[in-house]
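The questions below work through one protein chain, from its overall make-up to individual side chains. Please keep the sequence and the model at hand while reading.

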Amino acid sequence: MTIEEMTVPPTLFERAAKRAISAPEQRSADATRDKLLIAAYEQFCVDGVAGASMEDVAKRAGTSRITIYRKFDSKDALVDEVIARELASYFAFFQQAMAEAESFADRVVTGFVTSIQQIWSNPLIKRLIADDPALVPGLVGGGGGRNMYAVSEFVATALRKEQHAGNLHPSVDPDLAAELIARITGSFVTMPGGQVELDDTAQLEDLARSYLLPMLKVVDG
């Protein structure tokens, strides 16, 4: 651990991503807690994280202010849990999609398209990007770039496994390639528009096959 990592508090995205990746299976068995998390997600989508209060969430969930504070020590704790829950759902979907891909080339394309469309289509992520940039400044650049490094490390781990299996050319640097992929993906999610339609799956697939696969020295098909 570096001095910076010891002195700079983790960003919202870092905290949630670490929880979602390290313990995605640990879901609450508490019905009241689950109801509050669902209500918080809905409230954050409507008012944004900054605009929603604990009292608003409790009212939407049909519980009292006392109840919500029994389940969550603070609003920060509630926000962390909601974001971690959404990321856990995303990672579960991502891993299932990757497991169904038949080749390394297909996994690269599927991972790229899935990452963009699943994140961009999430109403809460859209709201955070639009209204609460202080919480997830571009998702990629937040925390002095640490959000992007958290994502790229996740991708690098997957690329190293592919390289060890003989699927990724040995001359490719998994860490550098992962950072490039994270930067490209993050830019599409946080700055949509231009010539790429994020809802157009075929266009995103063509983009990945035309540019990402050559970068990784992958021969498609």
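Q: Which pattern does the protein chain follow when read along the sequence?
A: The model discussed here is a predicted one. Its secondary structure comes to 11 helices and 0 strands. Read along the sequence, the protein chain therefore gives a pattern built from helices as DSSP runs, namely α-α-α-α-α-α-α-α-α-α-α.

Q: What percentage of the residues of the protein chain count as buried?
A: The accessible surface that the protein chain exposes is about 11,800 Å², and carbon and sulfur atoms supply 54% of that area. Taking under 20% relative accessible area as the cut-off for a buried residue, the share of the 221 residues that count as buried is 43%.

Q: Among contacts between residues at least 6 apart in sequence, what percentage join residues at least 24 apart?
A: The contacts considered are those in the protein chain between residues at least 6 apart in sequence. Within that set, the share joining residues at least 24 apart is 66%.

Q: Which element gives the most residues to the largest nonpolar core?
A: The largest nonpolar core holds 52 residues, and those touching the most other members are Phe-44, Val-57, Ile-68, Leu-78, Phe-112, Leu-159 and Leu-216. Two or more residues come from each of H3, H4, H6, helix H7 (104-120), helix H8 (123-131), helix H9 (146-164), H10 and helix H11 (201-215). With 9 residues, the element that gives the most to this core is H6.

Q: Which residues does Leu-159 contact, leaving aside its neighbours within four places in sequence?
A: Leu-159 is one of the residues that touch the most other members of the largest nonpolar core. Leaving aside neighbours within four places in sequence, the residues in contact with Leu-159 are Phe-104, Leu-168, Pro-174, Ala-177, Ala-178 and Ile-181.

Q: How many residues apart in sequence are the parts that the Asp-34 and Arg-85 pair ties together?
A: A search of the whole structure finds 10 salt bridges, and in one of them the side chains of Asp-34 and Arg-85 meet at 3.6 Å, N to O. Asp-34 lies in helix H3 (residues 31-51) and Arg-85 in helix H6 (residues 75-100), so the pair ties together parts whose separation in sequence is 51 residues.

Q: What is the relative accessible area of Glu-55, a partly exposed residue?
A: The side chains of Glu-55 and Arg-65 meet in a salt bridge with an N to O distance of 2.4 Å. This pair links distant parts of the chain, with Arg-65 in helix H5 (residues 65-71) and Glu-55 in helix H4 (residues 54-61), 10 residues apart. Glu-55 is partly exposed, and its relative accessible area is 34%.

Q: In which helix do Arg-183 and Glu-179 both lie?
A: Arg-183 forms a salt bridge with Glu-179, with the closest N and O atoms 3.0 Å apart. Arg-183 is partly exposed at a relative accessible area of 41%, and Glu-179 is partly exposed at 23%. The two residues are 4 residues apart, about one turn of the helix, and the helix in which both lie is H10 (residues 174-190).

Q: About how much accessible area do Leu-176, Leu-180 and Ile-184 have together?
A: Leu-180 is found in helix H10, and its relative accessible area of 35% makes it partly exposed. Together with Leu-176 and Ile-184, Leu-180 forms a nonpolar patch on the surface, whose accessible area is about 230 Å².

Q: Is Thr-185 buried or exposed?
A: Thr-185 lies in helix H10, and its side chain reaches the backbone oxygen of Ile-181 at 2.8 Å. Not counting neighbours within four places in sequence, Thr-185 is in contact with Phe-112, Ser-115 and Ile-116. The relative accessibility of Thr-185 is 10%, and the residue therefore counts as buried.

Q: What value is phi of Lys-217 near?
A: Most residues other than glycine have a negative phi. Lys-217, found in the segment after H11 and partly exposed at 48% relative accessibility, has a positive phi instead. Its value is near 60 degrees.

Key
Residues are numbered from 1 along each chain as its sequence is written. This is a predicted model: local features need pLDDT of at least 70, side-chain atom pairs count only at pLDDT 80 or more; totals for chains, interfaces and linings use all residues. Side-chain values use heavy atoms; hydrogens and water are left out. A salt bridge is a side-chain nitrogen of Lys or Arg within 4 Å of a carboxyl oxygen of Asp or Glu. Buried means under 20% relative accessible area, exposed over 50%, partly exposed in between (1.4 Å probe, protein chains only). A nonpolar core is a set of buried Ala, Val, Leu, Ile, Met, Phe, Trp, Tyr and Cys residues joined through side-chain atoms within 4.5 Å. Contact means heavy atoms within 4.5 Å. Patches are made of residues with over 30% relative accessible area and no salt bridge: like charges are joined within 9 Å, nonpolar side chains (Val, Leu, Ile, Met, Phe, Trp, Tyr) within 5 Å. Accessible areas come from the Shrake-Rupley method with a 1.4 Å probe; for residues, only the protein chains shown count as cover. A polar contact is a pair of N or O atoms within 3.5 Å; within protein, one must be able to donate a hydrogen and the other to accept it, and residues adjacent in sequence count only if both atoms are side-chain atoms.
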